[in-house]
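Reader: I've just opened this one and I'm new to it. Could you walk me through it, one small question at a time?

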Amino acid sequence: DTEIQFGTISCDLFPIPNRIGLGVESINDNYSKFTISPNPVNEVLNIRSNQNTAILSAKIYNSIAQLVYSSFSNCSQLDVSNLKAGIYIVEIQTENKVYNLRFIKK
C-alpha cells in the first residue's frame, strides 16, 4: 500500500480573487476610478486617478497570483521593464479601498 498525502492551500496565497467581486460592475468601477497606460506596456506603467484619489501602494501579481512587484512610493509610475511578457494584475491600495486592474506586458 502506498499512501499519498496532499497538503492544504491557504487562501492567503491567492489574494486577488478574495479582494474584488468578479461582476461587470466591480470591473467597471475599477476602471472608472483609475486609468493605466500604456496597455500593453513595455517599460513604465502609468497609473492615474480619475478622481484625485491618493495611491498608498501598488502591487503587481502575475497570472498565477504571485506577487512580482510592489511599490510604496511613486506609485503613479511603475517600472515593469523586468517583468516577463504576459498578463498581470496591478493592485492599487487607496485609503478606503483596493482596486485591481489588468494589463499586458509586451
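Reader: Let me start with E1. Which of its side chains point to one face and are buried?

Author: Keep in mind that this is a predicted model. Side chains along E1 alternate between two faces. Thr 35 and Ser 37 point to one face and are not buried, so go by the cut-off, under 20% relative accessible area for buried. On the other face, the buried ones are Phe 34 and Ile 36.

Reader: What does E1 pair with, and by how many bridges?

Author: E1 runs antiparallel to its partner, E2. One bridge to look up on screen starts at Phe 34, whose partner in E2 is Ser 49. The count of bridges between E1 and E2 is 4.

Reader: How many residues does the hairpin from E1 to E2 go through?

Author: The loop between E1 and E2 is where you'll find Pro 38, and Pro 40 lies there too. As for the hairpin that joins the two strands, the number of residues is 6.

Reader: Which peptide bonds around those prolines are cis?

Author: As background, most peptide bonds are trans. The bond between Asn 39 and Pro 40 is cis, with omega about 10°. The other cis bond, with omega near -15°, runs from Ser 37 to Pro 38.

Reader: Back to the sheet. In what order do its strands sit?

Author: Start from the edges: E1 (34–37) and E5 (77–79) each pair on one side only. The sheet is open, it has 3 strands, and the pairing is antiparallel. The order is E1-E2-E5.

Reader: And how much does that sheet twist from one strand to the next?

Author: Follow the order E1-E2-E5 across the sheet. From one strand to the next, the average twist is 20°.

Reader: Which residue in E5 is the bridge partner of Val 44?

Author: E2 covers residues 44–49, and 3 bridges join it to E5. Those two strands run antiparallel. The partner of Val 44 in E5 is Asp 79.

Reader: Let's zoom out. How many helices and strands does the protein chain have?

Author: Read the elements from the N terminus and you get α-α-β-β-β-β-β-β-β. The secondary structure of the chain therefore comes to 2 helices and 7 strands, where strands are runs of at least two residues.

Reader: What share of the chain is buried?

Author: The protein chain has 106 residues. It exposes about 7,200 Å², with carbon and sulfur atoms supplying 50% of that. Buried residues make up 31%.

Reader: Among contacts between residues at least 6 apart in sequence, what share join residues at least 24 apart?

Author: A contact here is a pair of residues with heavy atoms within 4.5 Å. Of the contacts in the protein chain between residues at least 6 apart, the share joining residues at least 24 apart is 50%.

Reader: I've spotted two rings, Tyr 88 and Phe 103. What kind of aromatic pair do they form?

Author: The structure holds 2 aromatic pairs, and this is one of them. The ring centres are 5.7 Å apart, with 20° between the planes. Planes under 30 degrees apart count as stacked, so this pair is stacked.

Reader: How far apart in sequence are the parts that this pair ties together?

Author: Tyr 88 is buried, with a relative accessible area of 6%, and Phe 103 is buried too, at 1%. Tyr 88 lies in E6 (residues 86–93) and Phe 103 in E7 (residues 98–105), so the pair ties together parts whose separation in sequence is 15 residues.

Reader: Thr 94 is in the loop between E6 and E7. Is Thr 94 buried or exposed?

Author: Setting aside residues up to four places away in sequence, Thr 94 touches Phe 34, Thr 53, Ala 54, Leu 56 and Tyr 99. Its relative accessible area is 3%, so Thr 94 is buried.

Reader: Which residue's backbone oxygen does the side chain of Thr 94 reach?

Author: The distance to that oxygen is 2.8 Å. The backbone oxygen belongs to Lys 97.

Reader: Last one: what is the phi of Ala 65?

Author: Ala 65 lies in the loop between E3 (57–61) and E4 (67–71), and it counts as buried at 14% relative accessibility. Most residues other than glycine have a negative phi. Asn 74, in the loop between E4 and E5, has a positive phi of about 45°. For Ala 65, phi is also positive, at about 65°.

Definitions and conventions: Residues numbered from 1 in each chain as written. Predicted model: local features only at pLDDT ≥ 70, side-chain atom pairs only at ≥ 80, totals over all residues. Heavy atoms only, no water. Buried < 20%, exposed > 50% of the residue type's maximum accessible area, 1.4 Å probe, protein only. Areas by Shrake-Rupley, 256 points an atom, 1.4 Å probe, with all protein chains shown as cover. Pairing = 2+ DSSP bridges. Axes fitted to C-alpha atoms, helices over the stretch in contact; angles between N-to-C directions. Phe/Tyr/Trp six-rings, centres within 6.5 Å; stacked < 30°, edge-to-face > 60°. Polar contact = N/O pair within 3.5 Å; in protein donor to acceptor, adjacent residues only side chain to side chain.
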